[in-house]
Amino acid sequence: MSTEPFKNVCLLPQSNQLTGLYTIIRDKTTTRANFVFYSDRIIRLLVEEGLDHLPVVKKTVATHTGEDFEGVGFKGNVCGVSIVRAGESMEQGLRDCCRSVRIGKILIQRDEETAMPKLFYEKLPEDIADRYVFLLDPMLATGGSAIMATDVLIKRGVKPERIFFLNLICCEEGIQNYHKAFPDVKIITGCVDKGLNEQRYLVPGLGDFGDRYYCI
């Protein structure tokens, strides 16, 4: 599915390699070891794409040949914020690309009485309002948890245009719900699924990402 109608959605190039990676992690017979390995490859691609959207400044450096090279330097500091537990699977991919990156965590779970997301825990860098934030969660289904997590970030002073929401799979309904609340946050995703089933799970989906990454 194209993200053409959606503002502030960046979809990774739908190459044969990427499609092959998704084929592996969607397959219910894929072992946990392979699921982790190939999911990590997709996560790395998402992080690299996210970094490509950060602002830069011109920077000139001297090379070993005595010539100058006119390049760029990154502007501002980055931190990752994972929505526990599945979002923690994306932290290492960020660390692999950004040395000594700060990581925050937000725990949101469904209230069994109301079936609504409920904030249980947050731990964020004190200077998070001065950073660019990569919000990490593998799946964007209805958007409830992501909306609540983003609201936490904004209440801590993070500007919406400094937030980048990275996920492996999303759907049109999730995008619309999320951007209705936060139109200025950029979503960076690898795949837009066809929708949600009656149980509000992404389809074709890949099952419970956290269970497959950590347990099965």
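# Exercises on this structure

D211 has a relative accessible area of 30%, so this residue counts as partly exposed. Keep in mind as you go that this is a predicted model.

**Exercise 1. Find the residue whose side chain meets that of D211 in a salt bridge, and work out how the pair sits in the chain.**

Step 1. The partner is R85: its side chain and that of D211 come together at 2.7 Å or less, to be exact at 2.6 Å, N to O.

Step 2. Now place the two ends. R85 is in the loop between β4 and α3 (91-97), while D211 is in helix α6, so the pair ties together distant parts of the chain, 126 residues apart.

Step 3. Check how open R85 is. Partly exposed covers what falls between under 20% (buried) and over 50% (exposed). With 34% relative accessible area, R85 therefore goes in the partly exposed group.

Step 4. Take a look at the backbone too: the peptide bond leading from V84 to R85 is cis, with omega near 10°.

**Exercise 2. Say where R26 and D193, which meet in a salt bridge, lie, and whether each is buried or partly exposed.**

Step 1. Start with the contact: the two side chains meet at 2.7 Å, N to O.

Step 2. R26 belongs to helix α1 (residues 16-26) and D193 to strand β10 (residues 186-193), which puts distant parts of the chain in touch, 167 residues apart.

Step 3. Compare each value with the cut-offs. R26 has a relative accessible area of 22%, so R26 is partly exposed. D193 has just 2%, so D193 is buried.

Step 4. For the wider picture, the structure holds 10 salt bridges.

**Exercise 3. Which residues are joined with K105 into one salt-bridge network?**

Step 1. Begin with one pair: K105 and E91 meet through their side chains at 2.7 Å, N to O.

Step 2. K105 sits in strand β5 and E91 in helix α3, 14 residues apart, and the pair links distant parts of the chain.

Step 3. K105 is at 25% relative accessibility and so counts as partly exposed. E91 is at 6%, so E91 counts as buried.

Step 4. Follow the shared partners, and you get one network made of E88, E91, R95 and K105.

**Exercise 4. Why does the ring pair of F209 and Y213 count as stacked?**

Step 1. Get the overview first: there are seven aromatic pairs in the structure.

Step 2. For F209 and Y213, the ring centres are 5.7 Å apart and the planes make an angle of 20°, so this pair is stacked. The cut-off behind that is planes under 30 degrees apart.

Step 3. Both residues lie in helix α6, four residues apart, or about one turn of the helix.

Step 4. Both are tucked away: F209 is buried because its relative accessible area is 3%, and Y213 is buried because its value is 9%.

Step 5. Widen the view, and F209 and Y213 turn up in one aromatic cluster with F35 and Y214.

**Exercise 5. Describe the largest pocket by its volume, its lining and the elements that supply the lining.**

Step 1. The largest pocket holds about 1300 Å³ of space.

Step 2. Its lining takes in 36 residues, and M139, A141, S145, Y201 and D208 are the closest to its centre.

Step 3. Sort the lining by class, and you have 20 nonpolar, 10 polar and six charged residues.

Step 4. Among the elements that each supply at least two lining residues are β4 (78-84), β5 (102-110), α4 (144-155) and α6 (209-214).

Step 5. Now try the second largest pocket, with a volume of about 180 Å³. That one is lined by 13 residues, with G76, N77, V78, C98 and R99 nearest its centre.

**Exercise 6. Which residues have a positive phi although they are not glycines?**

Step 1. One of them is S100, with a phi of about 60°. S100 lies in the loop between α3 and β5, and it is exposed, given its relative accessible area of 76%.

Step 2. Another is R200, with a phi of about 70°. R200 lies in the loop between β11 (195-196) and β12, and at 39% relative accessible area it is partly exposed.

Key: Residues numbered from 1 in each chain as written. Predicted model: local features only at pLDDT ≥ 70, side-chain atom pairs only at ≥ 80, totals over all residues. Heavy atoms only, no water. 1 Å grid on protein atoms, 1.4 Å probe; cavity = no way out; pocket = protein on both sides within 12 Å on 5 of 7 lines; lining within 4 Å. Points joined across faces, edges and corners; volume = space filled by probe spheres on them. Nonpolar A, V, L, I, M, F, W, Y, C, P; charged D, E, K, R; others polar. Phe/Tyr/Trp six-rings, centres within 6.5 Å; stacked < 30°, edge-to-face > 60°. Buried < 20%, exposed > 50% of the residue type's maximum accessible area, 1.4 Å probe, protein only. Salt bridge = Lys/Arg side-chain N within 4 Å of Asp/Glu carboxyl O.
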